[in-house]
Structure formats: structure tokens, C-alpha cells
Amino acid sequence: MDVNIPVLPNLLGELAHVPASRLTFLVTEYSKPFSDKGLGNKMRQWCDEACHVHCSAHGLRESGASIAAENGATIDQLKSIFGWTTSQQADLYTRAARRKKLSGYAEKLLIPDQNENRDVTLSEANFEKWDKNKEN
């Protein structure tokens, strides 16, 4: 399956330093392409060296999907970028992004007396204010 991944400006700048004839730019110390497992291990090492011990190749991929979903990426856009053939994985990220956004909007509902939709008793109602607004 073809995967079309947008190239971010920072990466594009770094790729400008790689000769066009060199199709593989992440290589081992022997100038050979990494195996899948070898690249994962090297990413782990690079993350550790950068004091990002909580990161991994898979974790960075998950972060990218989360960021894209939180910025409004659709399920089809996520599938295209990450090479997923079904909507199941993309749906996880879009649902999580919606939950995060909704909980942010709902935050004020947890504060007493901040709910605009609460019932108001007749004794609490400010009819005088309402009558003044009605005249304007």
C-alpha cells in the first residue's frame, strides 16, 4: 500500500542536506539500511540519549496521530497518513481527541453556580432586570 506522508518543514530542511542519489538516509554505522527491528532499537537509543526515555518509535507515531486528530484530522486523513487500511485505529484517535475537546468545554459545568441551564426558583428570579432588558 502506498502511504502519502506530508513532509514537515523541519524534516524538509534536514533532507536538503542528503544527496538526492541517497534513497535511504537513516543508515547504520556501516552505511546500510536499518532492519525494522534495528531501526526501532536505534530510535530507543536516540530517545534515551536525548533524555526522552518515555519515547519510542511507536510512541512517536502515536503522538503524531494524536496531534493530527486533535488538530482536526479526519479518519480518512489519518488512514492516509499512517497507512491504516481500516477505520478502527484512526477512530481511536479521533474519539480521544473529541473527548479531550468536550471535557475542556464541559469544565465550567463542574463549578457550582456556573451552569447556565440550571433551574431558577421564582424567589431567585430577577424580574426587574428582565423587564429593563425587554424595554431596550
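**A walk through an all-helix chain**

Leu39 touches Leu26, Phe34 and Trp46, leaving out residues up to four places away in sequence. That is a good place to enter this structure, which is a predicted model. Leu39 sits in helix 2. Its relative accessible area is 29%, so it counts as partly exposed. The residue also has a partner in space: the C-alpha atoms of Leu39 and Val27 are separated by 8.7 Å. Along the chain, these two residues are 12 apart.

Now step back to the whole chain. It has six helices and zero strands. Read from the N terminus, the elements run α-α-α-α-α-α. The chain holds 136 residues, and 14% of them are buried. About 11,400 Å² is exposed. Carbon and sulfur atoms supply 55% of that area. Consider also the contacts between residues at least 6 apart in sequence. Of these, 26% join residues at least 24 apart.

Next comes the loop between helix 1 and helix 2. Helix 1 covers residues 9-15, and helix 2 covers 36-49. Leu23 is found in this loop. Is Leu23 buried or exposed? It is exposed, because its relative accessible area is 79% and the cut-off for exposed is over 50%. The C-alpha atoms of Leu23 and Pro33 are 9.7 Å apart. In sequence, 10 residues separate the pair.

Thr28 belongs to the loop between helix 1 and helix 2 as well. Its relative accessibility is 18%. Buried means under 20%, so Thr28 counts as buried. Which residues does Thr28 contact, once neighbours within four places in sequence are set aside? They are Pro33 and Phe34. Pro33 has come up already, as the C-alpha partner of Leu23. Phe34 has too, as a contact of Leu39.

Ser31 is another residue of the loop between helix 1 and helix 2. Its phi is near 60 degrees. That is a positive value, and the residue is not a glycine. Ser31 is exposed, with a relative accessible area of 58%.

Move on to the loop between helix 2 and helix 3, where Cys51 lies. Cys51 also has a positive phi, about 60 degrees, although it is not a glycine. Is Cys51 buried or exposed? Its relative accessibility is 65%, so it counts as exposed.

Helix 4 brings a change of setting. Leu78 lies in this helix. Its relative accessibility is 0%, so Leu78 counts as buried. What does Leu78 touch, not counting residues up to four places away in sequence? The contacts are Ala65, Ala68, Ala69, Ala73, Gly83, Trp84, Ala90, Tyr93 and Thr94. The last name in that list, Thr94, leads on to the next element.

Thr94 is part of helix 5, which spans residues 87-106. The C-alpha atoms of Leu78 and Thr94 are separated by 8.9 Å. The two residues stand 16 apart along the chain. Thr94 is buried, because its relative accessible area is 7% and the limit for buried is under 20%. Beyond four places in sequence, Thr94 touches Ala69, Ala73, Thr74, Ile75 and Leu78. Ala69 and Ala73 are also among the contacts of Leu78. The side chain of Thr94 has a polar partner too. One of its polar atoms lies 3.2 Å from the backbone oxygen of Asp91.

The last stop is empty space. Rolling a probe the size of a water molecule over the atoms shows where such space is left. The largest pocket has a volume of about 910 Å³. It is lined by 16 residues. Which of them lie nearest its centre? They are Ile5, Pro6, Leu8, Leu11 and Arg61. Helix 2 (36-49), helix 3 (57-70) and helix 4 (75-82) are the elements that give two or more residues to this lining. Helix 3 provides the largest share, five residues. By class, the lining has 13 nonpolar, two polar and one charged residues. Two of these helices have already featured here: Leu39 is in helix 2, and Leu78 is in helix 4.

Technical notes: Residues numbered from 1 in each chain as written. Predicted model: local features only at pLDDT ≥ 70, side-chain atom pairs only at ≥ 80, totals over all residues. Heavy atoms only, no water. 1 Å grid on protein atoms, 1.4 Å probe; cavity = no way out; pocket = protein on both sides within 12 Å on 5 of 7 lines; lining within 4 Å. Points joined across faces, edges and corners; volume = space filled by probe spheres on them. Helix = DSSP H or I, 4+ residues; strand = E, 2+ residues; numbered from the N terminus. Nonpolar A, V, L, I, M, F, W, Y, C, P; charged D, E, K, R; others polar. Buried < 20%, exposed > 50% of the residue type's maximum accessible area, 1.4 Å probe, protein only. Contact = heavy atoms within 4.5 Å. Polar contact = N/O pair within 3.5 Å; in protein donor to acceptor, adjacent residues only side chain to side chain. Areas by Shrake-Rupley, 256 points an atom, 1.4 Å probe, with all protein chains shown as cover.
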